[in-house]
Amino acid sequence: MQIVKPAEQVDMARNKRLLNRYRFIEYETIRILAAWLPAAGRMEYKLAMGRFLWEEAQHVQHLFQRLREVQTPAFRPPDDPALEELMAEALHAPDERSLLAGLFRVIKPALLQSYRWHSQQTFANPDAPTLYALKHIQLDESEHVAWAEAEFAGQPASDWEHYLAALLAHAGGISGAEPRSQKPARPAARSPFRTPVKAARDERFRILQRHWGDAEERRQVNEAARRLDEFENYSQEMLAAETVALIIHLSPDMPWGFVYDSARHCYDETRHCQLGIDWLRQHGLDYTTVPQNTRIYQWRSQYDAATQYCLLTRGNEAHAFPHRRRSLAQYTAAGDQLSAQYVSYDMADERQHVAFGTKWLPELMAKNNIEMPVEQFIEETVALWQREYVSGDLPLWNERELA
Ligand SMILES: [Fe+2]
Ligand SMILES: [Fe+2]
């Protein structure tokens with residue numbers, strides 16, 4: 001009997017181990033990006049982070065679909081404390097640039113390299129579904145790595161990046177199979193992450209720390225002012241993305257489906273923000289001159305994740321449709337195709353966000369120990385939204401207590 005020795009180095013057991021490691025790294029990257037999105041000040045980074053975390057969610061989804069075919073449960077810890085430590089530490093970056101450089105110049109290039117090697121070494125036909133997943137993940141990851149190469153071009157690796165590289169080496173690399181080096185000491189630059197209760201903006205922006213009643217009054221003036229106001233507001237929808245990101249960060253025990261939907265929700269809001277930026281630019285206006293009402297985020301962040309989610313999906317999002325429909329009719333009648341298209345796509349996204357709220361609120365309430373009928377909770381939270389948000393009051397309870 002002839003025994004053929006295969007050339008492939010990734011057998012099924014190794015395949016599972018590797019897929020679990022990738023899934024873990026991609027998932028933790030989503031969580032880190034979500035945690036930092038409100039804390040990062042630079043608007044261009046926030047916009048990029050929204051896209052990155054949604055694309056990472058696509059990668060986890062690809063890996064999840066393959067993992068559930070080869071193991072139960074599909075999601076398993078990587079069974080390697082050193083790898084867990086790497087991803088736990090990556091959160092505690094000294095600042096937003098270091099964070100992104102650490103994730104995208106240290107961890108991601110190694111991950112991409114591992115995906116390439118894995119794709120060459122697995123049994124091509126028997127493991128074709130893995131190859132399909134890795135092929136598509138690599139498209140995004142190559143772009144992410146290229147983004148960081150351009151963004152940090154000419155900038156030498158920082159102590160923080162050296163630290164993460166040493167933690168990765170301590171974990172035996174992405175594969176875990178490389179020789180493991182000593183665990184590195186924590187660098188002085190390491191800064192313990194704190195949940196962002198305020199939304200950061202870079203120095204270009206003026207911060208509006210008060211109620212927004214003025215805008216409502218302006219809306220009544222005329223259609224041109226109303227239209228400008230609508231797209232200025234779109235350019236502030238980063239505030240919604242930041243709240244969704246915070247909810248992801250505050251909800252580590254929610255199921256994967258919630259994280260997947262919320263990654264999309266967060267990404268959508270960064271795209272709505274971009275839509276406002278684009279519209280203003282197309283009309284010769286600079287979005288950085290629009291004052292940012294970050295008090296809205298700060299006000300929402302005082303509440304538990306379920307209340308924040310309900311305020312957003314059942315307050316703001318569920319109540320936006322009459323206003324948007326009126327806008328759409330107006331733009332269509334005026335032959336304003338650009339504005340009409342932007343609002344149409346926005347409404348399609350927002351319908352989905354309201355549906356996410358309906359789908360996930362019961363479980364999020366349970367995770368936050370809220371024991372009342374869902375309908376009652378929604379009713380009470382929408383009343384809270386009317387009282388504190390629609391009124392324009394946006395009370396900051398802690399500040400009042402301090403004062
Ligand atoms: Fe939106
Ligand atoms: Fe939304």
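What percentage of the 403 residues of the chain count as buried? The value is 41%, and it is a fitting place to begin a tour of this model, which is predicted.

**The whole chain**

Start with the entire chain in a cartoon view, where there are 16 helices and zero strands to be found. The radius of gyration is 23 Å, close to the 22 Å that the globule rule gives for 403 residues, so the chain is as compact as a globular protein of that length. If you turn the view to follow the principal axes, the C-alpha atoms fill a box of roughly 85 × 50 × 50 Å. Should you draw contacts between residues at least 6 apart in sequence, 80% of them join residues at least 24 apart.

**Helix α1 beside helix α3**

Select residues 12–36, which form helix α1, together with residues 81–90, which form helix α3; their axes come within 10 Å and cross at roughly 15 degrees. With an angle under 35 degrees counting as roughly parallel, α1 and α3 are therefore roughly parallel to each other, and α1 passes α3 in a right-handed crossing. To see the contact itself, show the side chains of R21, F24, I25, E28 and I32 on α1, and those of L83, M87 and A90 on α3. By class, these residues comprise six that are nonpolar, two that are charged and none that is polar.

**Helix α1 beside helix α4**

Keep α1 on the screen and add residues 96–121, helix α4, whose axis comes within 12 Å of that of α1 and crosses it at roughly 160 degrees. Because angles over 145 degrees count as roughly antiparallel, this crossing makes α1 roughly antiparallel to α4, and its hand is left-handed. On the α1 side you can pick out L18, Y22, I25, T29, I32 and W36, while α4 contributes E96, L99, L103, I107, L111 and H118. Sorted by class, this contact holds nine nonpolar residues, two polar ones and one charged one. I25 and I32, on display here, also take part in the contact of α1 with α3.

**The loop between α2 and α3**

Now follow the chain from α2 (43–70) into the loop that leads to α3, where P73 lies. The peptide bond joining T72 and P73 is cis, with omega of about -5 degrees. Further along, in the loop between α2 and α3, select D79, a residue that has a positive phi of about 60 degrees although it is not a glycine. Is D79 buried or exposed? With 12 C-beta neighbours inside 10 Å, D79 counts as exposed.

**G176, between α6 and α7**

Move next to the loop between α6 (159–170) and α7 (213–219), and centre the view on G176. This glycine is partly exposed, with 19 other C-beta atoms within 10 Å. Leaving out residues up to four places away in sequence, G176 touches R21, D80, L83 and A171; of these, R21 and L83 were already met in the contact between α1 and α3. For a sense of scale, draw a line from the C-alpha atom of G176 to that of W385, which is 209 residues away along the chain, and you will find a separation of 49 Å.

**Helix α10 and V259**

In helix α10, select V259, which is buried, with 21 other C-beta atoms within 10 Å. Its contacts, apart from neighbours within four places in sequence, are I30, A57, I248 and M254. The C-alpha atom of V259 is separated by 23 Å from that of A93, which stands 166 residues apart from V259 along the chain.

**Helix α10 beside helix α14**

Show all of α10, residues 256–282, and add α14, residues 337–367; the two axes come within 10 Å and cross at roughly 160 degrees. The two helices are therefore roughly antiparallel to each other, and their crossing is left-handed. In this contact F258, D261, H265, D268, H272, L275, W279 and Q282 of α10 meet L338, Y342, D346, D349, H353, F356 and W360 of α14. Colouring these residues by class would give seven nonpolar, four polar and four charged.

**The loop after α14**

For the last stop, go to the loop between α14 and α15 (374–390), and select N369. N369 has a positive phi of about 55 degrees although it is not a glycine, and with 8 C-beta neighbours inside 10 Å N369 counts as exposed.

Notes:
Residues are numbered from 1 along each chain as its sequence is written. Chains are lettered from A and ligands numbered from 1 in the order in which they are written. This is a predicted model: local features need pLDDT of at least 70, side-chain atom pairs count only at pLDDT 80 or more; totals for chains, interfaces and linings use all residues. Axes are lines fitted to C-alpha atoms, for helices over the stretch in contact, and angles run from 0 to 180 degrees between N-to-C directions. Helices (H or I, at least four residues) and strands (E, at least two) are DSSP runs, numbered from the N terminus. Angles under 35 degrees count as roughly parallel, over 145 as roughly antiparallel, 65 to 115 as roughly perpendicular and the rest as oblique. A crossing is left-handed if the near helix is turned anticlockwise from the far one by less than a right angle, and right-handed if clockwise. Two residues are in contact if their C-beta atoms, placed from the backbone, lie within 7 Å. Ala, Val, Leu, Ile, Met, Phe, Trp, Tyr, Cys and Pro count as nonpolar, Asp, Glu, Lys and Arg as charged, and the others, Gly among them, as polar. The radius of gyration is taken over C-alpha atoms; the globule rule is 2.2 Å times the number of residues to the power 0.38. A residue is buried if 20 or more other C-beta atoms lie within 10 Å of its own, exposed if 12 or fewer, and partly exposed in between; C-beta atoms are placed from the backbone.
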